Structure formats: structure tokens, C-alpha cells
Amino acid sequence: MQWLVFSFAFLFWRGSLAQIRYSISEEQEDGTVVGNIATDLGVDVRTLKEREFRIVTSTSESLFRVNENNGVLYVNGKLDREQVCDRSSVCLINLKTVLENPLEIHYVEVEVIDINDHAPSFLESEKRLEIAESALRGVRFQLQPARDPDGGTNSVQLYKLSENDHFRLEVKDRGKDGKIPILVLQKPLDRETTPSYKLVLTAIDGGKPPKSGIVNIIVDVLDVNDNAPVFTEEVYSVTLQENSPIGTTVVQVNATDLDEGLNGEVVYSFGNSVHSKLRDLFDLNSINGEITVKGHIDFEENDVYVVDIEASDKGPAPLTTDKSVTIKIVDVNDNTPDIEVTSFSRAIQEDSRPGTTVAIISVTDLDSGENGKVSCSITQDLPFKLMPSLKHNMYSLVTSLPLDREAVSVYDVTLTATDSGKPPLSSMKTITVIVSDVNDNNPVFSHNPYTFYVSENNVPGEPMFSLTASDRDVNDNALVRYQICRQCGEENKYASFLNINSENGNVYALKSFDFETMKRFQFQVLASDSGKPSRESNATVHVFILDQNDNAPVILYPVSSNGSYEGTEELPRNVNAGHLVTKVRAFDADVGYNGWLLFSLHQVTDHTLFGLDRYTGQIRTLRAFTETDESEHKLVILVKDNGNVSLSATATLTVKLVEPKEAFAASDVKGPANMGEENDVTFYLIITLGSVSVLFIISIIVLIAMQCSKSPDYNSKYLQDANYDGTLCHSIQYRSGDKRYMLVGPRMSIGSTIAAGSNANTLMMPDRRRPSGEDDDGFGFVYDTSKAEKS
């Protein structure tokens, strides 16, 4: 370390006063020796401590300290001239030392010599200037000078500016205030070419070696609205699918402005020539230039749109540029084919030939290209087909097969039109074709032949039964009228006493029938429709007369000579119980239940003596006679049939009790006469039963023949009569003479047809035993069981 000491002593002996001056360079470390004050003042070093040698200062800390033992002056801490003597050309530090006994005050000046220990510095490391690009050449901009704590030649002596084409540096000297740098514009600025300039200003001091400091100067060129916006694309042409959702981005236009700030901010708008309809379809974002879908885009309405867009800046006097955007709409298969029936014959006759035109079909599709190509077809299996015509998308709906109204009277023809889009769209339309009637069907009777059962004693003029014929045609072609064929051969000889209602088929008899004189007859009925020409058919009607209980029983025995039903029998007293007294014989011209006779004792003198078999008419003794029994007994026998309203007859038999010898004699006298009478009765009874049996067998044969003549399908149709009530077959046995009969059959209603099947060989007879309050009568079948028993 080097340091200089300069000592000056001035002694004024009016008191003890001395002044010493030392020189020392700054930046010395703590404890550096400045000088020996005691030696320089000539003070005895041995007395320094006793005399309390010290430095007197007004501050708590002194820059220097003195050793009271040897008088050496030391630096107290690091010595910095710039901190002690800021901005002073000469830095002197005055110290006052004091010695006691005697009091001596000595002044010490310490000059701190500056060294170049500081480089020039600027207050900011970066300085930003704003200069309008319209600034003129020669404009001056004063810069902030650099500061250097060092003094003299060690302070700032020189400024330098980095090389550039637009600025130069001038330095103005202001004496002790230092040198002031000035930036001068020497060439016009263009912000669009160079928006900013980066310059470096260097300050250099006079030290050896010199030190320097820099500041970065950024010159921002302020914009002037001298550039119009420019679109980034020369041509804007985009495609957009129709039916795009609202909000879909169509295109984003972009325009740039070389200016900055408001002068360079671009806003977008529709041109003044843009129609309001376009404004309803598209929306323009004024900030980013994005065009979006605002309304419904329909290719079929318009396939291309040209939209004028303007780009403007926000300068005080805005500059504007315009550009046209072409939007081509891409067709989407969004329209279903349309089917139009241009000519339609709603009704077509059933006898129309195949190929007859029913309708003319036109098919259209608003889409274009493949989306607009349409094909039409019928997917149903119907007697119709589509024939394409010479004209595009035109078809003829024609018949492909013969029609039959009776099979199908109405056709719902579904037409399907499908385009060729992906995915294809289709539409359907149904047209109703009515097949009009032609008189091509004959009336058909519900049965053929008909079989009806009519009770005898019917009331003339009242309906007996009804015939029904149907015609599959409609309207007048199906209006059926009935008539009795009176010129249809011998079998219609009974048609003279019949009549039929031509509208409803009710058949009336002009007279009453008698079962005992006529059992059956047949006739033919014609049914004709009202078509032109008329068609007709006939049916054979078989009518069976049913017996009614209109004949009272006829008693054959006992019969008196005068014709009354009275007789006398003589009976020995010694007969045993069960002895046959006699047999009452009776006959009923009716058949079935009406001819089934039951016998009963209407009146009897003594009920304990005689009994009557209700089926055979045999009268037998119930017990042996006694002496107390009367000799003569009167029996009144009641004979009644089994009709719904029973008819009856009574006979009176007188039984006389005689002694055995008298009875034997009487029998010898009466035997031949009674035998002859009994033989006559038996003969008549045989004739009657034989006649009934013959009629029965004939009826069975006729019925079997009728049933066999029917086809299996026809028989199955009438296998179960609608009036059959489900009652099981029943049988009743009765005797007539030496023959026994059995009546069997189900319950059926009068007027029902004979059921085909296992009962076809039997004659149905009305069940007269049922109470009159029931709705329907039963039918039975009569069999001769005597032969079966013998076999």
C-alpha cells in the first residue's frame, strides 16, 4: 500500500496549537497507518497515555483512531472517498487531537486521494423512447447523462453511440454538471419496416485504465395510419353442405394491417351490397372474421352464394379493403321422393283384362345428381304392376292378373319411391283401387236340397219355413228374388197350394195338411238376381208332414153290439191271484207318442181285486175271491194317448163272479163267438200295424237315399243342427198286441233338417211327452223290436 504524508506544523504559543496534514488514498483497509501524530508534533510518546491523548469528534464513530501509546493514526474501517466527500473535487477530513496537562489541541487534516474505483453508470439499464414514424429529420432527443462518483479525470469524459443509420449522438458540456448526451434523428423512420431500434450508449471516464458504463436505448417507432388492411387470401371459395347446423363455421377470412394499435386493429363487416336474405343465412364475427351459419341452408333454394366482406382498421380515418367470399352449397340427400297420382280410375271392373291402366304415377325428387335419381316399385304381391313410360319418372299402374271382386273387392296398393342417395331416402303412397262388380255369380241356396218338417193342421196363410239364397255379387247383381217353379215336372204337383214371398223366401201353405192322408211332398224354388242379364239357380225342397195328436184312441174291445164301449166278463170265484180276466184292446190312428196308448182304471168297485197293466191293457186278479166279495164288479177303463194334449176314450167292463160249473158252461157257449170276435180284432190290428210299418220303412229308405245323394262336404255342413239342444238319445218301449215297439231319438225343433250321419236311416218324430211350456219338441225313431227279441 502506498500513501503520502504531508506534515505542516504551526505553533502559536499563545496556546498549544498545531496542524498536521496527511494524504492517503481511498479504499484503504481497516488499520492502515496514516502517520505518527506524536512524532510529527514532537510530543513525548511516553507522556501520551498520561496526558490522555485522543481524537475528539462530534460523531459516535470516527474514520480514524489514534494509539495512545505510540501516537500512530490508523484508518478506522474502510475508507471510501465517494462516501465521505461526495461530488467534491478535494476531499479533506479534519481531525482534532487533545492532550491534557497541559492542554494541547492539535488539528490534523487528512486528504483522501481519489482513485478510479467507479465506472460510469446510468440510472436505468434500459431507456425507451417513442418517436412517431412521421418525425422529421434533425429532431433532437436529450438523453439522461451517466453518473461517476469519481472526480476529476476519473469522472465521465466521453459518450459513444452504437452504429446505426438513423441516429447520431451529440454531447453538450455543462461544466460541473457534466456532459449531456443528445440523440439526433438523421434519417426518416418507417414503423412498418422497422418498428423499433435498439441502440447502446456508452459513457467512458478518464481513469487509467478508463472505465465505462452502458445504457440500452430502445426507440419505438409510433405508428401512423398509413396502411390499409390486406386480406391474406386472394380468393375465398369454400363448400358448405346444405342443412348444416346453425353455428357451423363456413370460413374464416383474415386481413392484416401493417399499422399498429387502433390503426392496425381490423374489424370485419358485410359489404353494403349484401342482401338482407344473405344476412339472415350467414353471420360474420366482426372481431375474428369467422363466417358461420345463421339460417337454414337449402341447396334446392340456391346452390351458390357470393358474400362481400369489408375489412377496416380503427384509425382516426379508417382505411377499408373488401373481398368476395364464394360459398358453394353441396347437395345432401335430404328430400324424399314425391309421388303424385296424375290420373286415377278409382274403380275398375272385375272383368277388366290384364294390362288395363288404373293410374298414371309421377315421381319427383328435389335433390340433384344421384340423390335425385328415383325408382318406383310395388312391394306387395298384388295383381298390379308398374310400367315405366317414355317420359322420365312417369309410370303406369296396370293390372297384371284377372280380378275377382268376390275374392278381393278393395286393393290398397302401396307405391314405394326410392332415390339413389347414400343413404337412400324413400317415400310411400297408398292408393285404394275398388273392384266394381260384374254379374258373374249365380244365387246360391244355403241348402240344396232343403228338408223341412211341417206339423199337420197348420194354419193356411202363415209362414211355414224360409229359404235363403245369397249372391256373391253386390247391389242389383246380388238382389235375389224367389219364385216357385210350377212347370218343373210331376214332382211339383203340390206347388199349386204353396206360395213364396219373392223378397225374403218365406213359404206359405194355402191349405192345411193332414198327416193321415199325405206324409211328404217336394217342390222346386227358383232364385234369380236382378243383374243384366239375370242369373238364377234352383233348389229342391222336401217337406215332411209331422203328425199331430188329432185322433182319439179307438177301443176295439170291449165293444157292444150297438157300438158302445161296454162289455161283460164272467169269472169263476175259485181263480187265483194273477188270473187274466181279459185284455182291453185299442187303436190310435196317430203315430209315435200320439199313438202310444196307456191304460188305467178310471173307476173300480174294489181296488184290491183287479189290476190293469197300463201298457198291455191286460186285466188280472190281484187276489183270490172270498165269499164276501160281491158277485158283480164294474170297471171303467181309461185309454189315453201320449200327445202333448192327450186324447182319451173310456170303456166299461162288467165282471160277474160265477160258480165254477156255470163258468165252464158259459165258456163253452161263448167260446166260439169270442174266438171269432177276437180273430177279427187281431186281423184289424195286424193290418194297422203293418200299414204303419210299411210307411215307416218307406220313409227310412227315402231318407237314406237323400243322405247318400249328398256330397261329404255338404253332409258335414249339416251334421250338427243349430237347434239341437244336446239332449242324449232316449227310448220308450210299448206293446201293441204281441209286438213290442221302441221309440228312440234326440231332441230337435220342428222345421229342422234331418241330420246326416248315423241317424240318417231313421225317421224323426216329434216328442209329445214334453210339457207345453218348453220351447222345442223332441224327435224319436220307432223300431220294431219284436224281431230283434226273437233273433
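Two residues are in contact when they have heavy atoms within 4.5 Å of each other. With that in mind, let us look at this predicted model as a whole. Among contacts in the chain between residues at least 6 apart in sequence, 66% join residues at least 24 apart. The chain holds 6 helices and 54 strands, and of its 791 residues, 44% are buried. About 42,100 Å² of the chain is exposed, with carbon and sulfur atoms supplying 51% of that area.

A good place to zoom in is the loop between β19 (255-256) and β20 (266-270), where you will find D257. This aspartate is buried yet has no salt bridge. What is the nearest side chain of opposite charge to D257, and how far away is it? The answer is R191, at 6.3 Å. Since a salt bridge requires a side-chain nitrogen of Lys or Arg within 4 Å of a carboxyl oxygen of Asp or Glu, that distance explains why D257 and R191 are not counted as a pair. The side chain of D257 does reach the backbone nitrogen of D259, at 2.9 Å. Leaving aside residues up to four places away in sequence, D257 touches N227, A228, P229, N263, G264, V266 and D313.

R191 itself leads us onward. Its side chain meets that of E260 in a salt bridge, with 3.6 Å from N to O. This pair links distant parts of the chain: R191 sits in the loop between β13 (179-185) and β14, while E260 sits in the loop between β19 and β20, 69 residues apart. Are the two partners buried or exposed, or somewhere in between? R191 has a relative accessible area of 7%, so R191 is buried, whereas E260, at 36%, counts as partly exposed.

Across the whole structure, a search finds 17 salt bridges. Two of them involve R623. One joins the side chains of R623 and D606 at 3.4 Å, N to O. Here, too, distant parts of the chain are linked: R623 lies in the loop between β48 (618-621) and β49 (632-640), and D606 in the loop between β46 (598-604) and β47 (610-612), 17 residues apart. The other salt bridge joins R623 to D629, at 3.2 Å from N to O. R623 is partly exposed, because its relative accessible area is 25%, while D629 counts as buried at 10%. Shared partners also tie R191, E192, D223 and E260 into one network of salt bridges.

Now for some backbone details. Most residues other than glycine have a negative phi, and most peptide bonds are trans. Some exceptions are worth a visit. A cis peptide bond joins K208 and P209, with omega about -5°; P209 lies in the loop between β14 (196-205) and β15 (212-222). The bond from Y557 to P558 is cis as well, with omega near 0°, and P558 belongs to the loop between β42 (554-557) and β43 (566-572).

As for phi, E52 has a positive value near 55°, in the loop between α1 (37-41) and β4 (54-56). N243 has a positive phi near 65°, in the loop between β17 (236-241) and β18 (249-252). E52 is partly exposed, with a relative accessible area of 44%, and N243 is partly exposed at 30%.

Our last stop is on the surface, where F683, Y684 and I687 form a nonpolar patch with about 340 Å² of accessible area together. Y684 lies in helix α4 (residues 660-709) and counts as exposed, at 54% relative accessibility.

Note on methods
Residues are numbered from 1 along each chain as its sequence is written. This is a predicted model: local features need pLDDT of at least 70, side-chain atom pairs count only at pLDDT 80 or more; totals for chains, interfaces and linings use all residues. Side-chain values use heavy atoms; hydrogens and water are left out. Patches are made of residues with over 30% relative accessible area and no salt bridge: like charges are joined within 9 Å, nonpolar side chains (Val, Leu, Ile, Met, Phe, Trp, Tyr) within 5 Å. Accessible areas come from the Shrake-Rupley method with a 1.4 Å probe; for residues, only the protein chains shown count as cover. Helices (H or I, at least four residues) and strands (E, at least two) are DSSP runs, numbered from the N terminus. Buried means under 20% relative accessible area, exposed over 50%, partly exposed in between (1.4 Å probe, protein chains only). Lys and Arg count as positive and Asp and Glu as negative; His and the chain ends are not counted. A polar contact is a pair of N or O atoms within 3.5 Å; within protein, one must be able to donate a hydrogen and the other to accept it, and residues adjacent in sequence count only if both atoms are side-chain atoms.
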